[in-house]
Number of protein chains: 4
Amino acid sequence: MGIKVGIIGATGYAGVELVRLLLNHPQAELAAVGSVSFEGKPISEIYPNLAGIFEAVLTSDEQVIEKSEVIFASLPHGLSEKYAASCAEQGKVFIDLGADFRLWAEEDYKQWYGLEYHDLTLHQNAVYALPELYREQIKGKTILGNPGCYPTSIGLGLYPALKSGLLDTKSIIIDAKSGVTGAGRGLSQTTHYPDCNEAFSPYKIADHRHTPEIEQTLGDIAGERVTVTFVPHLLPVNRGIVSTIYGTLKKDITLDEVFDLYKSTYKEEQFVRICPKGTAANLKNVRLSNYCDISLHLDERTNRLIVVSAIDNMGKGAAGQAIQNMNIVCGLSENTGLNSVPPCF
Amino acid sequence: MGIKVGIIGATGYAGVELVRLLLNHPQAELAAVGSVSFEGKPISEIYPNLAGIFEAVLTSDEQVIEKSEVIFASLPHGLSEKYAASCAEQGKVFIDLGADFRLWAEEDYKQWYGLEYHDLTLHQNAVYALPELYREQIKGKTILGNPGCYPTSIGLGLYPALKSGLLDTKSIIIDAKSGVTGAGRGLSQTTHYPDCNEAFSPYKIADHRHTPEIEQTLGDIAGERVTVTFVPHLLPVNRGIVSTIYGTLKKDITLDEVFDLYKSTYKEEQFVRICPKGTAANLKNVRLSNYCDISLHLDERTNRLIVVSAIDNMGKGAAGQAIQNMNIVCGLSENTGLNSVPPCF
Amino acid sequence: MGIKVGIIGATGYAGVELVRLLLNHPQAELAAVGSVSFEGKPISEIYPNLAGIFEAVLTSDEQVIEKSEVIFASLPHGLSEKYAASCAEQGKVFIDLGADFRLWAEEDYKQWYGLEYHDLTLHQNAVYALPELYREQIKGKTILGNPGCYPTSIGLGLYPALKSGLLDTKSIIIDAKSGVTGAGRGLSQTTHYPDCNEAFSPYKIADHRHTPEIEQTLGDIAGERVTVTFVPHLLPVNRGIVSTIYGTLKKDITLDEVFDLYKSTYKEEQFVRICPKGTAANLKNVRLSNYCDISLHLDERTNRLIVVSAIDNMGKGAAGQAIQNMNIVCGLSENTGLNSVPPCF
Amino acid sequence: MGIKVGIIGATGYAGVELVRLLLNHPQAELAAVGSVSFEGKPISEIYPNLAGIFEAVLTSDEQVIEKSEVIFASLPHGLSEKYAASCAEQGKVFIDLGADFRLWAEEDYKQWYGLEYHDLTLHQNAVYALPELYREQIKGKTILGNPGCYPTSIGLGLYPALKSGLLDTKSIIIDAKSGVTGAGRGLSQTTHYPDCNEAFSPYKIADHRHTPEIEQTLGDIAGERVTVTFVPHLLPVNRGIVSTIYGTLKKDITLDEVFDLYKSTYKEEQFVRICPKGTAANLKNVRLSNYCDISLHLDERTNRLIVVSAIDNMGKGAAGQAIQNMNIVCGLSENTGLNSVPPCF
């Protein structure tokens, strides 16, 4: 028997992507799926792709916790603390795909989400679970804040450069583009097909809630406060994020040396791929996978490094990374259940 | 060590989908990938989604046969016979994803493809490998004609109805719609993005080469000659086929009875799913899988049965089914390597 | 000064397409635009494409009627009768883009829409305004039922064949595909981008409300009751309908003769184009226009005529045709304001 | 009779968009359309959307010049000079949509295009024809270099800010995204539907040929050399460009003051629209039009101005602007033939 896992918020997009991946996870047993909106219905009624494969009836969140050893939660912010507390009491692992356990500083949470932390101990015991950066800290933890999609692509994209002090930390501009699943399953005019098909626009310009999370990670890498300009755009595709990141070089460095730096930094990381010189990262190549593809470019005319980082917002940006984290805390090989090959098309 | 498998024509769309699926197949070892156009290059240079996962150098077709026990070929028609002969001589299994071993009657091949069979024995030893209909005949064979995408969706969609004599066999009209990968990797004006995005049109109206293959299967089921009207359309999506099939009922039957018939016919078939009453098959639910979803509808006003059959043209319509066939001839469980859950989006 | 025109329901998709076309109409003056949901706001706030061009404040429906000589209404069924009555009293022209004045037989309306006609005189005075078929009847009328999108494409597609008695009227099957704007501006799970992008499925199979309207027109052409099988599908494009229509030939006829018949029937019709032999109608070529493109095909093997009819569901299928009708009743040249060339892409 | 206009390269995407717009231009008569590839064929055979509207036979380039007073050329770079010379000799207006008359400095042309200017007088007599910036210089000229699509969106987006000295000219980063028609009608793997659908990636990173043209315009506005980082991306839509432009503010300024500056700068410009505060420019709103929509944003945390500029790459970015230029040199009202309302969807 595998590890009993459960999902709170299983009918949201990240939730149902967790379902898909966990059903293929050789060491996990999907014990319960919860939904407030659809409790009592089989999940395959909401998602017919699961027909004949997984037809579990959606239960209450409480039942999910009761039946599971590892609980994934994919909820709007402000709702996870109580479940984390409940899991902590019962000695269960709680992996939060929402925003409630990502920010170390409560004032950031207050400023950007308008809410407070109610139980500081929970947050002190939690870990910001970006494995490539914080693997050792994740081990042994039972409350995990799974990183946001944009912050994952950006943290991985800048880690080698910032750690090496290559960049002027005041110069960083991130122009990011996300597929529509990033906006979730909830209906909105913005995500109505005729409104976003054959359309393209930025949103929440320099005002997106992922900003403090991005700066927390970059600041921690750089060892100094980092303030960035971050502009996300809505891309008319279902899945995938491309972050195009600009930073001014503080040091003389050749493109080959940048490649060496990135390759050596990530040489042990299965899920980070450095694209061959002369090619650009494309979200197409990482769809339905846990990969982060990074391409590296120099603008010698302006002395800027350009890093392009592509992930699947639902994979490495959400459900895939959450499973990677589960594997770490459960002592499994980190890629267990995450080896499916991304499709070409 | 697993079964050594190789792919001739590995850089075509069906070929590279085979690569993806075989890399996840627990009993197969992908021993060689062949390409005339890209021989000598690593396949991951052509398909960067494979970077870090599978970087084998593309070889000649001859080397593929030499290194493999089971050979998949995905080639333009007219090219497979010599490879089939070579495999037959060496006692290897040859699974042809092209058209050369699908038609029992050479005159059909001549009429629709303009070519002849050069070695009749090969064709007599071959089997038309649609597992749900011809499973027993497939076992023990070493030359397999893997069905076309449209014929698969249609054969499965009509099998229960035709076998039961429900339909007037002269009344069958098939209006099919395929994603653009069905047209292959080769460039054409029709598949140039600005030409097929925000576009929709039929093509090869009542003149598509899959027609004799469709009629061969339907005729075999019905036990009489069946002539159909078949009109395919190009759909602006990457993957998937929906066949909407119309037939006049010869017998009084209720929709519930039709459901019973289809469910009982396919009750042992993992890869055929009958959609719940009141819902319609959607290619979305079978993408990246080996499923065929079938929905059933009666037009009582005109006494017609309407069957909607959805597959992934690259999955059950090509590479997935080819692996299902490999599993059968190799004595493996039929779903080995084919259990990945189709994504919701 | 031009004709004062107004739109009730101006923020729906057909409504705002009327705005676009009427702003380019040389003889019309857009006097008022009404909206229940957005009354008091400038329409350019809802539709920023109109910024700087047309920033009229949305008013009540009553004000639209008061300020206009010709009133277009694009409303859910059941709401138009009272506005028609009001216009009739005041001697104004009322062009209804909804379903309330399309069906001659009240029992059809009852059966398919579940409502009754409250004022039979209004309906007796109304005309089903498909210009190519009913031009003479439209002239002089002041209550116009503008045809539905599917019925327009189908009526025009079958008119020459049915009028000539070419087809077995019991054999007609219509497989239609519509872009997502056909589902309107209202939000639904079905039209949520990640749900309908890379998806394809039929809906309301043999149960769509346009069925009686289609049969009314075809029956009137044929001079006998016609019952059809009609299956619409949702197509992942913004605009356009393709109807693929199948009918069994009652007479011996060559494809050339079919072409002659269609060309002679439509030789005076600017908005109907017969595609060259060997090509197929594509919705791409009629987008943003009032054209209906028709391609003709014979399946000699099964003795069926296949007609492919493509329109822009928002153009000839709604707003364009409504303006064509306005031109007729106002004594203008029928193509006034409808001459913009459809874009290639 | 209108002005006789002709198009060299009429079957390319910019060429056929010119056809569409010129057919609706009340003062122009489309006298000849040229094509090397399709000479002798009616243009409606290549572009069936033109059937019944414009079926002129494609002629040689020489005939286009002979029959026309104003000649538009849409050709690969290096081919326009000889036609410009020929037009100059005959006193005809030559509007080049290619790159040959855009760069003032021959060394830029040499460096980025690898070619030389053969007749310097032609280039000295030519004007870089971005009307909002160079209207007075355009008047009276007969050789016009119509700006590139990216440079148009960027020049208009930065003009008010740079002219006012708001920005540190060393800080400018442009992250641009273009629809696939920007890559032209020619086939390529990159623009093969399954390759670019559900995909997104930058290309020619800090190496695109529009860079010197962008810097020429920005430098001219700023009155000093400007070097920018410019990264274009391929967007899976047919039409439209969004340029997201980042610049560090040199002066203290409020967002309201930025709005005032832009609005006052462009108050006489019909084709530049400043989006309301709090909204973002979206290519959806300018499709099929000659508009440039600009939205303005401050990142107060990093003291950067963010300008989002959206155009239709085929409209204001090519054919629309070329007609605007023709109107200027022919003394017509600048918006003649350019007043069609952009569609909502």
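Buried, in these exercises, means under 20% relative accessible area, exposed means over 50%, and partly exposed lies in between (1.4 Å probe, protein chains only). Helices (H or I, at least four residues) and strands (E, at least two) are DSSP runs, numbered from the N terminus.

The structure is a predicted model, in which local features need pLDDT of at least 70 and side-chain atom pairs count only at pLDDT 80 or more, while totals for chains, interfaces and linings use all residues. Residues are numbered from 1 along each chain as its sequence is written, chains are lettered from A and ligands numbered from 1 in the order in which they are written, and side-chain values use heavy atoms, with hydrogens and water left out.

**Exercise 1. Find the buried residues of helix 5 of chain C, and work out how they are arranged around the helix.**

Step 1. Helix 5 of chain C spans residues 106-113, and its buried residues are C:E106, C:Y109, C:W112 and C:Y113.

Step 2. Viewed down the helix axis, these buried residues fall within an arc of 145°, the arc being that of the directions from the helix axis to the C-beta atoms; they therefore line one face of helix 5 of chain C. An α-helix has 3.6 residues a turn, so residues three or four places apart point the same way.

Step 3. C:E107 and C:Q111, on the other side of the helix, are exposed.

Step 4. Helix 6 (120-125) and helix 10 (210-222) of chain C are among the elements that cover the buried residues, where contact means heavy atoms within 4.5 Å.

Step 5. Just after the helix, C:G114 takes a positive phi of about 70°.

**Exercise 2. Describe the surroundings of A:C149 and decide whether A:C149 is buried or exposed.**

Step 1. A:C149 lies in helix 8 (residues 149-163) of chain A, and the UniProt annotation "active site", from an unreviewed entry, covers A:C149; such annotations may be inferred rather than shown by experiment.

Step 2. Because its relative accessibility is 14%, A:C149 counts as buried.

Step 3. Leaving aside residues up to four places away in sequence, A:C149 touches A:H210, A:I241, A:I311, A:N313 and A:G317.

Step 4. A disulfide is a pair of cysteine sulfur atoms within 2.5 Å, and a search of the whole structure finds zero of them over all chains. For A:C149, the nearest cysteine sulfur is that of A:C292, 12 Å away.

Step 5. In chain B, the sulfur of B:C149 is 12 Å from the closest cysteine sulfur, in B:C292, which is too far for a bond.

**Exercise 3. Determine how chain C is related to chain D, and chain D to chain A.**

Step 1. Copies are superposed by least squares on the C-alpha atoms of residues with pLDDT of at least 70 in both.

Step 2. A turn of 180° with a shift of 0.0 Å along the axis lays chain C on chain D with an RMSD of 0.0 Å. That is the relation of a two-fold axis, and 100% of the contact residues of chain C recur in chain D.

Step 3. Chain D is superposed on chain A by a rotation of 180° with 0.0 Å of shift along its axis (RMSD 0.0 Å). Because 100% of the interface residues of chain D are also interface residues in chain A, these copies meet through the same surface.
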